[in-house]
Amino acid sequence: MKIDLTDTTAGEINKALIEGRRAIGTPAVGMVLTLVIVTDEENAYDALRAASDASREHPSRTLVVIRRVSRTPRDRTSSRLDAEVRVGAEAGTGETVILRLYGEVSDHADSVVLPLLLPDAPVVVWWPVNAPLDPAEDPLGALAQRRVTDTYAAEQPVRELAARAETYTPGDTDLAWTRITPWRSMLAAALDQVDCEVRSVEVEGEEFNPSCELLAMWLADRLGVPVQRSLSSGPGLTAVRMETTCGPVVLDRADGSLANLSIKGQPGRAVALQRRDTAELIAEELRRLDPDDTYAAALRYGVERLSMGADAVAALGRAPAGPSGGAADEAVTEVAVAESEAGTEEGEAERPTPKDLARKAASK
């Protein structure tokens, strides 16, 4: 059932929701959260479709906030709220309200959204594009327990990661982080199969793909070793190579679907590592609404420290062989001292061993 409202109010929208539920005989008690999607007209369809698919696992009230651009100065001084209310088959397993804000009311979207939130239910705000630099300080973000952004949609993703680290607040998360959950699980399981020390890591993937940087920062933070970031033609992440005292451990995914895991002394095996669509990513994020401490630690590790580790790996490759390692040992010592000083400044605890990483497999 679909109800169109023009030049309306939040009270009229609530009445339309009640009338729609009564008309189709559907109660509201089955919904578990409110999902607020803040987007533009161009990306609204794809975001709403992903949310509708995710609602099969998480029945919710979905509020889509679209700020419409006023064409003339006169339009900008006037305010109008149009709404499209969908219940029943039109809205998946929950309810959907598409809010189009015109004029001055677009600067006060939180006042429109607040009366429409489900009572006593968690609130999640998702920005598919154009996320604020500080989601927790955004008026809509302040209403939520969980704030979801996607640095992959930013014009400069790596720089966006640095900004996210500076403004991180518990409850923030990123779909670029969610995309690497299968990789983190697979790498942790691979390290659980060997009793070796990891010496260095190389993460290979597309340029301007923040998931590659996040995976590299997670490995550098958890393992405490230099991590080199190398480029490939994609799609997405293509390989992770870990040099250990027992030989290389390689997870290689060249086609974006099927990966090959090779560990020295063991037969190679094919593992499913399919690239997931947005609906699966949103569904995963809605499964947990508590702060993601693992994401926070990886994000705060910093792209700059990651680059420092890559320089150390390059120095190892250039260093001549010798009885004591010579320049190579010096490069490793230099980056280790720098890592230690950085960790001390941030008040970090002692870094875990590779076995700890395996036991603390990806938290999702």
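1. Strand β2, both faces. In this predicted model, β2 is covered on its two sides. One face carries Leu-33, Leu-35, Ile-37 and Thr-39, and these are buried. The opposite face carries Thr-34, Val-36 and Val-38, buried as well. That makes 7 of the 7 residues in the strand, which spans residues 33-39, so β2 is largely enclosed by the rest of the structure.

2. β2 and its partner β3. Strand β3 covers residues 60-67 and runs parallel to β2, with 7 bridges between them. Within this pairing, Val-38 has Val-65 of β3 as its bridge partner. Helix α2, residues 41-54, carries the chain from β2 across to β3. This β-α-β crossover is right-handed.

3. β2 and its partner β6. Strand β6 comprises residues 123-126. Its pairing with β2 is also parallel, and 4 bridges make it up. Here Ile-37 faces Trp-126 of β6. Ile-37 belongs to the β2 face that also holds Leu-33, Leu-35 and Thr-39.

4. The sheet as a whole. β2 sits between β3 and β6 in an open sheet of 8 strands. The full order is β1-β4-β5-β3-β2-β6-β7-β8. Pairing across the sheet is mixed. The edges are β1 (2-5) and β8 (172-174); each has a single partner strand, so one side of each lacks a neighbour in the sheet. Ignoring direction, neighbouring strands are turned by 15° against each other on average.

5. The β8 edge. β8 pairs with β7, residues 146-149, in the parallel sense. The pairing consists of 3 bridges. Arg-147 has Asp-172 in β8 as its bridge partner.

6. The disulfide. The structure has 1 disulfide. It links Cys-196 and Cys-246, with an S to S distance of 1.6 Å. The angle about the S-S bond is -105°, and the link is left-handed. Cys-196 lies in the loop between α7 (181-191) and β9 (198-205), and Cys-246 in the loop between β11 (237-244) and β12 (247-252), so the bond ties together parts 50 residues apart in sequence.

7. Cysteine burial. Are the two bonded cysteines buried or exposed? Cys-196 has a relative accessibility of 13%, under the 20% cut-off, so it counts as buried. Cys-246 has 38% and is partly exposed. Another cysteine, Cys-212, is buried at 0% relative accessibility.

8. Helix α8. This helix holds 14 residues, 210-223. From first C-alpha to last it reaches 20 Å, close to the 20 Å expected at 1.5 Å a residue. Of its 14 residues, 14 are buried, so α8 is largely enclosed by the rest of the structure.

9. The ends of α8. At the start, Asn-209 has a side-chain oxygen within 3.0 Å of the backbone nitrogen of Ser-211. Gly-224 follows the helix. Its phi is positive, near 70°.

10. Helix α9. Residues 278-286 form this helix, and 7 of the 9 are buried, so α9 too is largely enclosed by the rest of the structure. Which residues of α9 are buried? They are Ala-279, Leu-281, Ile-282, Ala-283, Glu-284, Glu-285 and Leu-286. Note that Glu-284 and Glu-285 are in this buried set.

Technical notes. Residues numbered from 1 in each chain as written. Predicted model: local features only at pLDDT ≥ 70, side-chain atom pairs only at ≥ 80, totals over all residues. Heavy atoms only, no water. Buried < 20%, exposed > 50% of the residue type's maximum accessible area, 1.4 Å probe, protein only. Pairing = 2+ DSSP bridges. Right-handed = clockwise from strand over helix to strand, strands pointing away. Disulfide = S-S within 2.5 Å. Axes fitted to C-alpha atoms, helices over the stretch in contact; angles between N-to-C directions. Expected span 1.5 Å × (residues − 1). Polar contact = N/O pair within 3.5 Å; in protein donor to acceptor, adjacent residues only side chain to side chain.
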